[in-house]
Amino acid sequence: MNRIILHVDMDSFYASVEQRENPALKGLPVVVGADPKNGMARGVVSTCSYEARSYGIHSGMPISRAFKLCPDAVFLPVNMKLYSDVSLNIMKIFRSFADKFQQVSVDEAYLDISDIVHDFKEAEALGHQIKSLIKTRENLTCSIGIAPNKSVAKIASDFNKPEGMTVVEPDRMIEFLEPLEVRKLSGIGKKNEEILHSFGIRTIGQLADFNERKLTDIFGKWGKKMIKLARGLDDSEVIERSDTKSISKERTFSKDIADQILLDDYLDNIAEKVHNELVHEGYSFRTVSVKVRQEDFTTYTRALTLDNHTQDLGSIKRLSRELATEFFDGRKIRLLGIKLSQLSKKKNTQTTLDNFFS
Ligand code: TTP
Ligand code: MG
């Protein structure tokens, strides 16, 4: 069956967030990265606004070089906490459009929308919806690529940046890929590009037509894969890596609490909040962790892992009480938190206790 894959990537992400936070920076060359120290510093450029790109500045370039190219640019330090918060928000928006969702970096994700739209025309309409939601909710712009597979969708989202929307239907895929530079294929970096150039291969079309045996002699297994990608063949699936994802909530009390009944109540309340988010995002969990911070700021965590995934609120309440009880002994507590991890999209309601660790 033909798939429809959407790849979305935010435009000049860190720099756009900075411009959003401080509208006076809109339209200016903004460079996010190391402090240039008047051109004497060593660090690199993390990213820059499109205005700064017109001076030749780009990600990974020494900050001293960026300073030479445009000394009047606005140079800002990396504010990772801010970008991570925005990243969480935009990922939530992307995720709300498809069950099959895969975040690939702080600002990009794949959505398998094969079961959600009938054809590429509808897919494009969905792409516009995503863009407009990102604009109205987060006041940011993104670029979208839609294609029959992940590899081509990613190339397509980059094709017309910023604020791009490129749809590559199956019958136009080869025509789309052929003239592009080999570097556009994911996995082909500077080194591989140089090797390919030395064999006279500059475009994806030339790579697609190259002798497969020769390419495997040069690159091994990767050569085979490279040719497949150049021919527009990629059957890799959009899979959410839920193993790294977790859902957590915590509460710092305005006054430290020692009363066990009150602490139990607060813990139940936090359990309800994490449970709400768990259900809202359609996950089940296996591991519950509890975080307890005492009045002197010493912080403890305890965790329990179940045999099977579950979505059950009663289990979250019971297990978190079990884990926290050793701290509810009259000592004053500043903060309580619950984290659910080992998440899965599957729903299973068994709650057998498997192992206990702290
Ligand atoms: P990218 O999506 O590669 O770049 P971008 O969003 O800034 O610009 P565009 O997509 O419009 O071309 O990376 C996302 C963020 O990751 C970027 O804003 C900053 C960070 N990043 C680095 O810190 N170092 C790097 O070398 C790169 C490429 C990105
Ligand atoms: Mg980006």
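How do the residues of the shell around ligand 1 divide into nonpolar, polar and charged? The shell holds 4 nonpolar, 4 polar and 5 charged residues. Before looking further, keep in mind that this is a predicted model.

**Around the ligand**

Let us begin with the neighbours of ligand 1. There are 13 residues around ligand 1, and those that come nearest are Asp9, Ser12, Thr47, Tyr50 and Arg53. To find the shell along the chain, look at the strands β1 (5–10) and β3 (45–48) and the helices α1 (13–21) and α2 (50–53), since each of these elements supplies at least two residues of the shell.

Some of the contacts are between polar atoms. An oxygen atom of ligand 1 lies 2.9 Å from a polar side-chain atom of Asp107. With Met10, the partner is a polar backbone atom, 3.1 Å from an oxygen atom of the ligand. Ser46 also takes part through its backbone: one of its N or O atoms is 3.4 Å from a nitrogen atom of ligand 1. How much of the ligand does the protein bury? Taken alone, ligand 1 exposes 560 Å², and the protein buries 68% of that.

**Two pockets**

Now for the space itself. Ligand 1 takes up the space of the largest pocket. Here are the two pockets side by side.

| Pocket | Volume | Lining residues | Classes in the lining |
|---|---|---|---|
| Largest pocket | about 840 Å³ | 24 residues | 7 nonpolar, 8 polar, 9 charged |
| Second largest pocket | about 560 Å³ | 20 residues | 5 nonpolar, 8 polar, 7 charged |

In the largest pocket, the lining residues that lie nearest the centre are Asp9, Arg53, Ser59, Asp158 and Lys161. You have met Asp9 and Arg53 already, among the residues that come nearest to ligand 1. Which elements supply at least two residues each to this lining? They are β1, α1, β3, α2 and α6 (150–159). Of these, α6 gives the most, with 4 residues.

The second largest pocket has its own set of residues nearest the centre: Leu88, Arg95, Gln103, Lys245 and Ser246. Its lining draws at least two residues from each of α4 (80–95), β5 (101–105) and β9 (247–257). Here α4 gives the most, with 7 residues.

**Two backbone details**

Finally, follow the backbone to two places worth a look. The first is Lys161, which you met as one of the residues nearest the centre of the largest pocket. A cis peptide bond joins Lys161 to Pro162, with omega at about -10°. Pro162 itself sits in the loop that runs between α6 and β8 (165–167), and α6 is the helix that gives the most to the lining of the largest pocket.

The other place is Asn38. What is notable about its phi angle? Phi of Asn38 is near 55°, a positive value in a residue other than glycine. Asn38 is found in the loop between β2 (30–33) and β3, and β3 is one of the elements that supply at least two residues of the shell around ligand 1.

Key:
Residues numbered from 1 in each chain as written. Chains lettered and ligands numbered in written order. Predicted model: local features only at pLDDT ≥ 70, side-chain atom pairs only at ≥ 80, totals over all residues. Heavy atoms only, no water. Near = heavy atom within 4 Å. Polar contact = N/O pair within 3.5 Å; in protein donor to acceptor, adjacent residues only side chain to side chain. Areas by Shrake-Rupley, 256 points an atom, 1.4 Å probe, with all protein chains shown as cover. 1 Å grid on protein atoms, 1.4 Å probe; cavity = no way out; pocket = protein on both sides within 12 Å on 5 of 7 lines; lining within 4 Å. Sits in = over half its atoms within 2 Å of the grid points. Nonpolar A, V, L, I, M, F, W, Y, C, P; charged D, E, K, R; others polar. Points joined across faces, edges and corners; volume = space filled by probe spheres on them.
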